[in-house]
Amino acid sequence: MANQEIFDKLRDAIVNQNFAGTAQLTREALAAGIPPLDIITKGLSVGMKIIGDKFEAAEIYLPQIMMSGKAMSNAMEVLTPELAKNKVEGEETGLAITFVAEGDIHDIGHRLVTTMLGANGFQILDLGVDVLNETVVEEAAKHKGEKVLLVGSALMTTSMLGQKDLMDRLKEENLRDSVKCMFGGAPVSAKWIEEIGADATAENAAEASKVALEVMK
């Protein structure tokens, strides 16, 4: 089976919420010698983008998003040990505090980015979903003096607005200069990142890990 055919099947398995099929196709892709990163970026993530676009267009609803997320999780259970094999040994790149913004429970992209950051040498502190800005600021304060990257996700425009509030709070607490801030999610743009005074954004999980490494240099 050609690689593109495998990628297309992985994409379709995500879109069709095929739990068992996604994991099996992921194993087949690994057996065919396809790198884990390619499986994610050229197959699984393509399917998740389709699902995200359909959700934004109100063609599907939260239950379908969650079922596709479950299919994605099944694939990541297979891929995570493979990603760990390629993890950079030695000194940690820094601490990545990852979270989904208050009022938002869409954690598919969040989980994927968190996994990719861990595979690229970051120590991970995953705060989960629907996280108060106050909690993020408290955690940043606890780790003041360390190399810290805040990685926030928001799928909805309403929850995205909380990213500006977080930046303001970090300044008020004199923490802004001690952390790097990277935000992502469907409504987040480079223009928004510049407007709120954050450091970076990324189009997908694979790019997020590369951008994160650049930001922390």
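This is a guided tour of one protein chain, moving from the whole model to single residues.

**The whole chain**

Begin with everything shown, and keep in mind throughout that this is a predicted model. Colour the chain by secondary structure and you should find 10 helices and 4 strands, which follow one another along the sequence in the pattern α-α-α-α-β-α-β-α-β-α-α-β-α-α. Turn the model along its principal axes, and the C-alpha atoms fill a box of roughly 55 × 45 × 25 Å. The radius of gyration of the chain is 17 Å, which agrees with the value near 17 Å that a compact globule of 217 residues would have.

If you then switch on the surface, the accessible area comes to about 10,600 Å², and 51% of that area belongs to carbon and sulfur atoms. Of the 217 residues, 46% count as buried. Among the contacts with a separation of 6 or more, 74% are accounted for by residues 24 or more positions apart. For a view of charge, select the 21 positive and 33 negative charges of the chain, whose mean positions are 3 Å apart.

**Thr-26 in helix α2**

Next, select residues 19–31, which form helix α2, and pick out Thr-26 within that helix. Is Thr-26 buried or exposed? Thr-26 has a relative accessible area of 0%, and therefore counts as buried. Show its side chain and follow it to the backbone oxygen of Thr-22, which the side chain of Thr-26 reaches at 2.7 Å. Leaving out residues up to four places away in sequence, Thr-26 touches Leu-10, Ile-39, Leu-44, Ala-75, Val-78 and Leu-79.

**Across to helix α4**

One of those contacts, Val-78, leads to the next stop, helix α4, which spans residues 62–85. Val-78 is buried, because its relative accessibility is 16% and the cut-off for buried is under 20%. Apart from its neighbours within four places in sequence, Val-78 is in contact with Ala-23, Thr-26, Arg-27 and Leu-30. To compare this with a separation across the model, draw a line from Val-78 to Ala-186: the two are 108 residues apart in sequence, and their C-alpha atoms are 26 Å apart in space.

Stay in helix α4 and select Asn-74, a residue that counts as buried at 14% relative accessibility. Which residues does Asn-74 touch, not counting those up to four places away in sequence? They are Phe-19 and Ala-23, and Ala-23 is also among the contacts of Val-78.

Lys-70 lies in helix α4 as well, but here the relative accessible area is 41%, so Lys-70 is partly exposed. A distance drawn between the C-alpha atoms of Lys-70 and Thr-22 should read 9.7 Å, although the two residues are 48 residues apart along the chain.

**Leu-37 and helix α10**

Now move to Leu-37 in helix α3, which counts as partly exposed at 34% relative accessibility. Beyond the residues up to four places away in sequence, Leu-37 touches Met-116 and Ala-206. Leu-37 and Val-188, by contrast, are 151 residues apart in sequence and 23 Å apart in space, taken C-alpha to C-alpha.

Follow the contact with Ala-206 into helix α10, residues 205–215, where the buried residues are Ala-205, Ala-206, Ala-208, Ser-209, Val-211, Ala-212 and Val-215. What covers the buried residues of this helix? The cover includes α3 (36–56), α5 (108–119), β2 (122–126), β3 (148–153) and β4 (179–184), so it is worth showing these elements together with α10.

**Two loop residues with positive phi**

Finish with two places in loops. Ala-58 sits in the loop between α3 and α4, and its phi is near 60 degrees, a positive value in a residue other than glycine. At 45% relative accessibility, Ala-58 counts as partly exposed.

The second is Asn-174, found in the loop between α8 (162–172) and β4. Its phi is near 55 degrees, again a positive value in a residue other than glycine. Asn-174 has a relative accessible area of 60% and is exposed, since exposed means over 50%.

Methods:
Residues numbered from 1 in each chain as written. Predicted model: local features only at pLDDT ≥ 70, side-chain atom pairs only at ≥ 80, totals over all residues. Heavy atoms only, no water. Rg over C-alpha atoms; globule rule 2.2 N^0.38 Å. Buried < 20%, exposed > 50% of the residue type's maximum accessible area, 1.4 Å probe, protein only. Contact = heavy atoms within 4.5 Å. Areas by Shrake-Rupley, 256 points an atom, 1.4 Å probe, with all protein chains shown as cover. Lys, Arg positive; Asp, Glu negative; His and termini not counted. Charge placed at Lys NZ, Arg CZ, Asp CG, Glu CD. Polar contact = N/O pair within 3.5 Å; in protein donor to acceptor, adjacent residues only side chain to side chain.
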